[in-house]
Amino acid sequence: MNPTPEPTSLRSELLMLKSAFEGIHRDLFTDAFAFRPLPPLAPGSRLLRVVPRRMRRYARWLPHAALGALTCLLMFQGVAHGGLPIALLVGVPVLMTLVRPIGAWWCSVGAVFLSIVLGVPEVALSVHVLVMMLVAMRTRPRVAGEMWLLTAFLAAFLVVFRPVMGTSGLFELLVVSGVLLFGVLAVRLLRESRQQVAAQTAVTEVERSRRTVLEERTTIARELHDVVAHHMSVVAIQAEAAPYRVQDTPPELAAAFVTIRENAVAALTELRRVLGVIRSDGSGAFDDPEAPQPTLAALDGLLANVRGAGLDVEHVTTGVVRPLPQGVELSAYRVVQEALSNVLRHAPGAAARVELSYVPVGLGLRVVNGPPDRLAKPSPGAGHGVLGMRERVAMLGGEMTDGPTADGGYEVSVFMPVAAAGAAA
């Protein structure tokens with residue numbers, strides 16, 4: 001049994017022709033006179049940026065005013081060529097493009113036929129090209145091709161049945177209109193592509209910021225695991241050793257210590273399981289899971305390292321130095337580390353100052369640098385170090401402000417609250 005034969009080339013062409021006619025009918029015939037008003041300029045339009053703020057409310061209607069002025073000019077010229085009827089033939093289609101673009105094109109086609117009857121087809125044909133350009137600015141790109149194709153059929157009809165203009169004149173008109181429509185579509189597509197790129201860039205920036213926040217939270221979770229695991233280990237060891245420190249320990253108390261140790265060990269097991277999931281991304285940032293997390297006691301070593309890298313940094317501590325919760329000390333250390341790294345990257349040659357303020361209700365931190373003495377080299381990375389610092393401070397219920405200083409430097413100020421019980425612990 002022979003396989004089903006493929007569709008012939010003629011059948012394929014007929015199907016394509018049918019699809020083209022359906023598209024033309026859908027674009028130019030279905031709801032041709034639907035109400036589609038031209039919207040005012042968007043608030044973010046480039047044209048509005050050069051207009052004074054008080055005038056922007058009215059400047060949004062500048063395209064409508066410009067088209068109205070152009071319509072008046074064409075109507076005055078129409079009156080000079082043939083009176084009020086010609087003025088209406090050239091003015092009504094142009095003005096209709098503001099509210100009914102496809103209907104305006106059909107009115108322009110009708111105006112061409114009426115102008116032939118009145119003996120002035122040149123004026124109507126020129127306005128017809130203008131109407132096609134205005135409609136192409138507001139409709140899909142393929143509508144411009146369909147309008148031009150039907151205009152070519154109209155020109156062929158005029159050549160064959162009503163030779164009011166020479167063949168060469170109509171041919172030149174088609175060529176000029178085709179070039180103008182192509183230019184309009186090119187400018188429009190370029191503008192739309194720029195808008196799409198800007199929108200995509202904004203979406204990418206939002207996703208990048210969101211990813212940075214997630215990465216920073218993952219880092220914080222890793223570090224907090226080590227802090228919590230340390231305390232849980234101490235609880236388990238103390239609970240195991242407590243019965244041996246007291247003679248004749250009551251059975252109920254010994255059973256309670258056993259329960260405490262079992263719960264602590266179970267919590268450690270769950271913490272290690274969660275940490276294994278977090279560290280399974282292969283980032284390599286925490287290759288040594290047993291390495292202790294830094295605290296403010298290691299701040300002098302950090303400052304020595306950045307001084308070795310060429311940064312002149314001053315360290316000032318005010319208040320009574322006391323141990324703080326490990327989460328607070330770890331976050332403060334990371335904020336200082338990131339702030340000094342930003343100084344090295346973005347303010348070469350600038351001097352920096354690190355201030356720690358121990359107060360009864362928390363810890364104040366300020367890192368400020370002066371202006372750079374030379375241009376900074378391009379630095380790789382997403383540039384979300386400040387976002388990471390802000391995320392750390394927010395997770396501890398603190399506040400952070402950052403921004404340029406009056407002398408051209410930069411300042412990062414942080415306050416992290418510490419409860420009295422937490423500080424005593």
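This report describes the nonpolar cores and the largest pocket of a predicted model.

**Nonpolar cores**

The largest nonpolar core holds 33 residues, and those touching the most other members are Leu 28, Val 94, Trp 105, Val 112 and Met 147. Seven elements are listed here because each gives two or more residues to this core: helix 1 (9–29), helix 4 (62–82), helix 5 (84–96), helix 6 (101–118), helix 7 (121–136), helix 8 (141–161) and helix 9 (167–245). The biggest share, 9 residues, comes from helix 7.

Met 147 shows how residues distant in sequence meet in this core. Setting aside neighbours within four places in sequence, Met 147 is in contact with Leu 28, Trp 105, Met 132, Val 135 and Ala 136. A second core, separate from the first, has 32 residues, among them Leu 311, Ala 347, Val 393 and Val 418.

**Largest pocket**

The largest pocket encloses about 1200 Å³ of space. Its lining consists of 28 residues. Nearest the centre of the pocket lie Leu 41, Ser 45, Pro 63, Arg 191 and Gln 195. Helix 2 (46–49), helix 4 and helix 9 each contribute at least two lining residues. Helix 9 contributes the most, with 9 residues. Helix 4 and helix 9 also each give two or more residues to the largest nonpolar core.

The lining residues divide by class as follows.

| Class of lining residue | Number in the largest pocket |
|---|---|
| Nonpolar | 17 residues |
| Polar | 4 residues |
| Charged | 7 residues |

Methods
Residues are numbered from 1 along each chain as its sequence is written. This is a predicted model: local features need pLDDT of at least 70, side-chain atom pairs count only at pLDDT 80 or more; totals for chains, interfaces and linings use all residues. Side-chain values use heavy atoms; hydrogens and water are left out. A nonpolar core is a set of buried Ala, Val, Leu, Ile, Met, Phe, Trp, Tyr and Cys residues joined through side-chain atoms within 4.5 Å. Buried means under 20% relative accessible area, exposed over 50%, partly exposed in between (1.4 Å probe, protein chains only). Helices (H or I, at least four residues) and strands (E, at least two) are DSSP runs, numbered from the N terminus. Contact means heavy atoms within 4.5 Å. On a 1 Å grid over the protein atoms alone, a cavity is a set of points where a 1.4 Å probe fits but cannot get out, and a pocket is an open set with protein on both sides within 12 Å along at least five of seven lines; lining residues have an atom within 4 Å of a point. Grid points are joined across faces, edges and corners, and a volume is the space filled by probe spheres set on the points. Ala, Val, Leu, Ile, Met, Phe, Trp, Tyr, Cys and Pro count as nonpolar, Asp, Glu, Lys and Arg as charged, and the others, Gly among them, as polar.
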